[in-house]
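Me: Got a minute to go through this one with me? I'd like to jump around a bit.

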Amino acid sequence: MPEKIIERNMLEEFFDNYRTFAMYCEFQRSVPGCKDGLIPVYRRIVHCAWEYCHASQFMKCANIIGATMQHDHPHGDQGIKTGLYSLINWYQTKYPLFTGQGNFGNTYTNSGASERYTEAKLSPFCYDVVLDEVIKYKGVVDWIDNYDKRTKEPLFLPTKVPLLLLNGSMHMAVGDKVDVPSHNINEVIDQIIALIKNPRHKVVLVPDHCQKCEIIDTDWADISKRGFGLYKVRGIIEIKDYFGKNKKYFGRKVLAIRSCPNLTYLGKIMTSIEKLVKDNKLIGIEDTEDESEVDDMNYILILRPGVDPNFVRESIYQNTRLQNTFRVNFKVFVDDGENVYTQRMNYTEYLQNFIMYRMMTKLRFYELRHQEIETRLHVVENYIWAMESGKIDDEVLSMIRKQKVVDDDALMEALIKKCKITDLQAKFIMNMETKKLSMGYYKKFCAERDELKKKSDECKYIITKDGALQQAIIDELMEIKAKY
């Protein structure tokens, strides 16, 4: 039977197909999630490093890249490598999620070694603020099928702080570009706490680039309100006296380049300055010396006698990328449980959404913790009851000794019926070591019961008391602020 031919306007078909492609690219590659602030490849690298590689110790980056490509992200190893290396480098990620050993590039040039020569592990910051709760209880987040439906991957990670604001995100979408700068963790946490205490608080934040820079000519109240705008950044150029190895330059004024804006590397700045000098577009520079170290940029421009260093510095800013204009385009994708869509948010809207997500995740954490505590308490209390009532000596041990065949299920059913206990309690008693029938262990279980009751009451208080959950989040944020 011939297939039915559907007539369609070619222009409409093109736009429908292109829209579908654009949405796929935004959700799967370039737009960060509103909840955890990570683009998919970053989330998958972190997940696979924890779940499959157990990367608490240094291991080859090739292992992490291979596991990520195998389980979660089959889009090619180079994209995963670029993502992993950027999560290691302090000049690309303000609060790195990995710690590395080897050559991952530097502030001179972003050219790292092959993944077979480098090693990485999850950073303490990542364990504390990204993975802590999901390691304890996987149920704190929702899990979805991976690309081939063989395993599960987290829809979002339970971040305790808004990573999108801390580390920023600059990625190309189809016909658009996400531009969220990095910010200082202390300032972000202060704004979250202020918003929790006063929902009408208006958030205003100023970016804090990975390298120390100056931000000039910017109305941050307006940008924070709109989630969109331009701002100008300058790398640090210090004016000081020469104290190098060449004695003929003693007493001369020099310019020391100490930092670059994001996505700007010293090697290109040096090339630009050399070309400007050669073309006589930048005058007054007699010589250069590079005294930079791995994590300390210090490129020295030695000036001619009598030259105004402020004039030369301003010329460098005007003619190189040491002064650059950046854009804020606070675009995220939102999953509200019913619909998934992209949205530009302002700073206040984003933090309000983060607080709601954090409260939901924290509530799930305490509910799972309370369930675990009550399960253990159920077993411990029955053991104490059995010891105090003498049932272990009179009934349980006698029943176990009389068992003629190895049938744990039958024994468990007999214990449940005879002693009127639950299956968890029966299993605990069956597997208990004989040495634990002593008075010493009895006292130990009594102490454990008291501690479990205390923890259970704390969980119930946070779950049920108005304002207790918010206060728990505030206390947690203050601990993170003190540590990082």
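Me: Where does lysine 418 lie?

Reply: Lysine 418 is in helix 13, which covers residues 408–419. Keep in mind that this is a predicted model.

Me: OK. And which residues form the positive surface patch with Lys418?

Reply: Arg401, Lys402 and Lys420 form that positive patch together with Lys418.

Me: Switching to pockets. What volume does the largest one have?

Reply: About 970 Å³ for the largest pocket. It is lined by 47 residues, and the closest to its centre are Tyr42, Thr82, Gly83, Ser86 and His171.

Me: Which elements give two or more residues to that lining?

Reply: On the helix side there are helix 1 (10–30), helix 2 (40–51), helix 4 (77–88) and helix 6 (163–167). Strand 6 (169–173) and strand 7 (176–180) also give two or more residues.

Me: And which helix gives the most?

Reply: Helix 4, with 9 residues in the lining of the largest pocket.

Me: What about closed spaces, how many cavities of 30 Å³ or more turn up?

Reply: The search of the whole structure finds 1. The largest cavity holds about 60 Å³ of space.

Me: What lines the largest cavity?

Reply: Lys35, Val140, Val141, Asp142, Leu155, Phe156, Tyr357, Met360 and Arg364.

Me: Now charges. How many salt bridges does the structure hold?

Reply: There are 34 salt bridges. One of them joins the side chains of aspartate 132 and lysine 160, at 2.8 Å from N to O.

Me: Why does that pair tie together parts that are apart in sequence?

Reply: Because aspartate 132 is in helix 5 (residues 124–136), while lysine 160 is in the loop between strand 5 (152–154) and helix 6, the pair links parts 28 residues apart in sequence. As a general point, side chains of opposite charge can pair when their charged atoms come close.

Conventions
Residues numbered from 1 in each chain as written. Predicted model: local features only at pLDDT ≥ 70, side-chain atom pairs only at ≥ 80, totals over all residues. Heavy atoms only, no water. Patch = residues over 30% accessible without salt bridge, like charges linked within 9 Å, V, L, I, M, F, W, Y side chains within 5 Å. Areas by Shrake-Rupley, 256 points an atom, 1.4 Å probe, with all protein chains shown as cover. Salt bridge = Lys/Arg side-chain N within 4 Å of Asp/Glu carboxyl O. Lys, Arg positive; Asp, Glu negative; His and termini not counted. Charge placed at Lys NZ, Arg CZ, Asp CG, Glu CD. Helix = DSSP H or I, 4+ residues; strand = E, 2+ residues; numbered from the N terminus. 1 Å grid on protein atoms, 1.4 Å probe; cavity = no way out; pocket = protein on both sides within 12 Å on 5 of 7 lines; lining within 4 Å. Points joined across faces, edges and corners; volume = space filled by probe spheres on them.
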